Amino acid sequence: MVVIMTDTLQSLGITEKYAGFALATTAIALCLEQPNRLRSVTKEVYWETAKRHGCARADVERNIRTVIRRAWKINRPGLQALSGYPLESPPSVSEFLQIMARHLQKATAPDR
């Protein structure tokens, strides 16, 4: 799943050179582990991600917003395709995490 996540982020123009890359991958993984975390991203995702990376909660939010803006600028059609619905503006952090978690769940689901 990590390879699919990395490939997806890179296809959106988000590479490891961005501080938000590692933070986003951790935040997405947390949402995949416990989908109910998407209901309380600030408390359930930002704090745990910050703790794991030794940074402040505000850093997590800011850096993930930066990678979202990058994806919006570099590959807006790709981001919209992942969302499955029209996006009029860059998604919020919680919306982006939901989009990515849903995409990864679908990509790794066994064929039926």
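R37 touches L30, E44 and V45, not counting residues up to four places away in sequence. The model in which these contacts occur is predicted. R37 sits in the loop between α2 and α3. Its relative accessibility is 11%, so R37 counts as buried; the cut-off for that class is under 20%.

A second arginine, R39, is also found in the loop between α2 and α3. R39 has a relative accessibility of 75% and therefore counts as exposed. The threshold for exposed is over 50%. Between the C-alpha atoms of R39 and L87 the separation is 20 Å. Along the chain, these two residues are 48 residues apart.

The fold is helical. The chain contains six helices and zero strands. Read from the N terminus, the order of elements is α-α-α-α-α-α.

Overall dimensions were then examined. For 112 residues, a compact globule would have a radius of gyration near 13 Å. The chain has 13 Å, which agrees. Along the principal axes, the C-alpha atoms fill a box of roughly 35 × 35 × 25 Å. Of the 112 residues, 39% count as buried. Contacts with a separation of 6 or more were also sorted by sequence distance. Residues 24 or more positions apart account for 57% of them.

The surface and charges were treated at the level of the whole chain. The accessible surface comes to about 6,300 Å². Carbon and sulfur atoms hold 50% of that surface. The charged side chains number 16 positive and 10 negative. The centres of the two sets lie 4 Å apart.

Helix α6 covers residues 93–108. It has 16 residues, and at 1.5 Å a residue it should span 22 Å. Its end C-alpha atoms are 22 Å apart, which agrees with the expected span. The buried residues of α6 are V93, F96, L97, I99, M100, A101 and L104. These buried residues pack against α1 (2–11), α2 (19–33) and α3 (41–53). They also pack against α4 (57–74) and α5 (76–83).

Two individual residues, I4 and S83, show contacts with named positions further along the chain. I4 lies in helix α1. I4 touches H103, L104, A107 and T108, with residues up to four places away in sequence not counted. The pair I4 and L104 is 100 residues apart in sequence. In space, the C-alpha atoms of I4 and L104 are 7.2 Å apart. I4 has 28% relative accessibility and so counts as partly exposed. This class lies between the limits for buried and exposed, under 20% and over 50%.

S83 is found in helix α5. With neighbours within four places in sequence left aside, S83 is in contact with I99 and R102. One of these partners, I99, is among the buried residues of α6. S83 has a relative accessibility of 2% and therefore counts as buried.

Helix α2 holds A24. The relative accessible area of A24 is 0%, so this alanine is buried. A24 is in contact with I64 and V67, leaving aside its neighbours within four places in sequence. I14 is ten residues from A24 along the chain. The C-alpha atoms of A24 and I14 are separated by 9.8 Å.

H53 has its place in helix α3. H53 touches A22, L23 and T26, not counting residues up to four places away in sequence. H53 and A22 are 31 residues apart in sequence. Their C-alpha atoms are 8.5 Å apart in space. With a relative accessible area of 33%, H53 is partly exposed.

How values were computed:
Residues are numbered from 1 along each chain as its sequence is written. This is a predicted model: local features need pLDDT of at least 70, side-chain atom pairs count only at pLDDT 80 or more; totals for chains, interfaces and linings use all residues. Side-chain values use heavy atoms; hydrogens and water are left out. Helices (H or I, at least four residues) and strands (E, at least two) are DSSP runs, numbered from the N terminus. The expected span of a helix is 1.5 Å times one less than its number of residues. Buried means under 20% relative accessible area, exposed over 50%, partly exposed in between (1.4 Å probe, protein chains only). Contact means heavy atoms within 4.5 Å. The radius of gyration is taken over C-alpha atoms; the globule rule is 2.2 Å times the number of residues to the power 0.38. Accessible areas come from the Shrake-Rupley method with a 1.4 Å probe; for residues, only the protein chains shown count as cover. Lys and Arg count as positive and Asp and Glu as negative; His and the chain ends are not counted. The place of a charge is taken as NZ of Lys, CZ of Arg, CG of Asp or CD of Glu.
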